[in-house]
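The following account proceeds from the sheet to the helices and then to a single residue. The reader may wish to keep the sequence and the structure in view throughout.

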Amino acid sequence: MSSTVVIHTDGACRGNPGPGGWGALLVSGAHRKELSGFEAMTTNNRMELTAALEALRALKTPCQVILWTDSEYLRKGMSEWLPGWKARGWRTAAKAPVKNADIWQALDAESQRHHIDWRWVKGHAGDPGNEAADQLANEAIDRGLKAA
């Protein structure tokens with residue numbers, strides 16, 4: 001594994017479903033990278049997952065990753081629920097199809113390249129990394145709506 005990368009991710013949605021954005025801030029030593037994107041019709045959960053997926057995809061080599069999210073859905077999904085979903089053929093314990101399975105499967109595949117410590121942070125509570133990711137997500141919505 002190469003260097004340690006600290007990633008802050010966030011998703012935002014105006015209406016749920018509605019126009020959404022995702023943002024990610026990646027920091028490794030003196031290097032800092034900001035990523036963001038827009039979807040015209042999506043959900044907050046899909047944007048939370050997409051932020052993490054796109055941040056991991058941006059890493060060119062296997063890394064030690066500390067990934068901060070304000071989404072317990074994302075953190076618990078990756079650190080607790082994923083093995084059960086896979087064992088049940090992408091079904092929940094209640095035998096319902098896993099929501100957002102396409103992104104979960106992509107996240108599962110992408111996360112195999114790295115050693116990831118999934119951490120939760122309270123959203124909108126002044127954490128600088130979370131606030132930066134939130135701002136990136138909301139700016140992506142603003143840009144997307146303006147371009148539409």
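Two strands are taken to pair if DSSP finds at least two bridges between them. The model described here is a predicted one, and its strand pairing offers a suitable point of entry.

Strands of a sheet pair through backbone hydrogen bonds, in either a parallel or an antiparallel sense. In this model, five strands make up an open sheet with mixed pairing, in the order β3-β2-β1-β4-β5. The edges are formed by β3 and β5, the latter spanning residues 115-120, and each of these strands pairs on one side only. From one strand to the next, the twist averages 20°.

The antiparallel part of the sheet may be followed from strand β1, which covers residues 4-13 and is joined by eight bridges to β2. Within this pairing, V6 has V27 of β2 as its bridge partner, while I7 is partnered by L26 of β2. The hairpin formed by β1 and β2 has four residues between the strands, and G15 adopts a positive phi near 90° there.

Strand β2, residues 18-28, continues into a further antiparallel pairing, with ten bridges linking β2 to strand β3 (residues 31-42). Two of the partnerships can be located directly: G20 is matched with E39 of β3, and A24 is matched with L35 of β3. Two residues separate the strands of this hairpin, and G29 in the turn has a positive phi of about 60°.

On its other side, β1 takes part in a parallel pairing, with six bridges joining β1 to β4. Here I7 stands opposite L67 in β4. How much of these strands is covered? Of the ten residues in β1, eight are buried; of the eleven in β2, ten are buried.

The helices may now be placed against this framework. Helix α2 packs on the sheet, where it touches β1, β4 and β5, and the direction of α2 makes about 145° with that of β5. Helix α2 comprises residues 72-87 and helix α3 residues 101-111; their axes come within 11 Å of each other and cross at roughly 95°. The two helices are therefore roughly perpendicular. At their contact, Y73, L74, G77, M78, L82, W85 and K86 of α2 meet W104, L107, D108 and S111 of α3. By class, this contact comprises seven nonpolar, two polar and two charged residues.

The final stop is T69, which lies in strand β4, residues 64-69. Is T69 buried or exposed? Residues under 20% relative accessible area count as buried; T69 counts as buried because its relative accessibility is 0%. A polar atom of the T69 side chain lies 2.9 Å from the backbone nitrogen of S71. Which residues does T69 contact, leaving aside its neighbours within four places in sequence? They are T9, E48, L74, R75, R119, W120 and V121. One of these, L74, also belongs to the set of α2 residues that meet α3. By way of reference across the model, T69 and G21 are 48 residues apart in sequence, with a C-alpha to C-alpha separation of 15 Å in space.

Definitions and conventions: Residues are numbered from 1 along each chain as its sequence is written. This is a predicted model: local features need pLDDT of at least 70, side-chain atom pairs count only at pLDDT 80 or more; totals for chains, interfaces and linings use all residues. Side-chain values use heavy atoms; hydrogens and water are left out. Buried means under 20% relative accessible area, exposed over 50%, partly exposed in between (1.4 Å probe, protein chains only). A polar contact is a pair of N or O atoms within 3.5 Å; within protein, one must be able to donate a hydrogen and the other to accept it, and residues adjacent in sequence count only if both atoms are side-chain atoms. Contact means heavy atoms within 4.5 Å. Axes are lines fitted to C-alpha atoms, for helices over the stretch in contact, and angles run from 0 to 180 degrees between N-to-C directions. Angles under 35 degrees count as roughly parallel, over 145 as roughly antiparallel, 65 to 115 as roughly perpendicular and the rest as oblique. Ala, Val, Leu, Ile, Met, Phe, Trp, Tyr, Cys and Pro count as nonpolar, Asp, Glu, Lys and Arg as charged, and the others, Gly among them, as polar.
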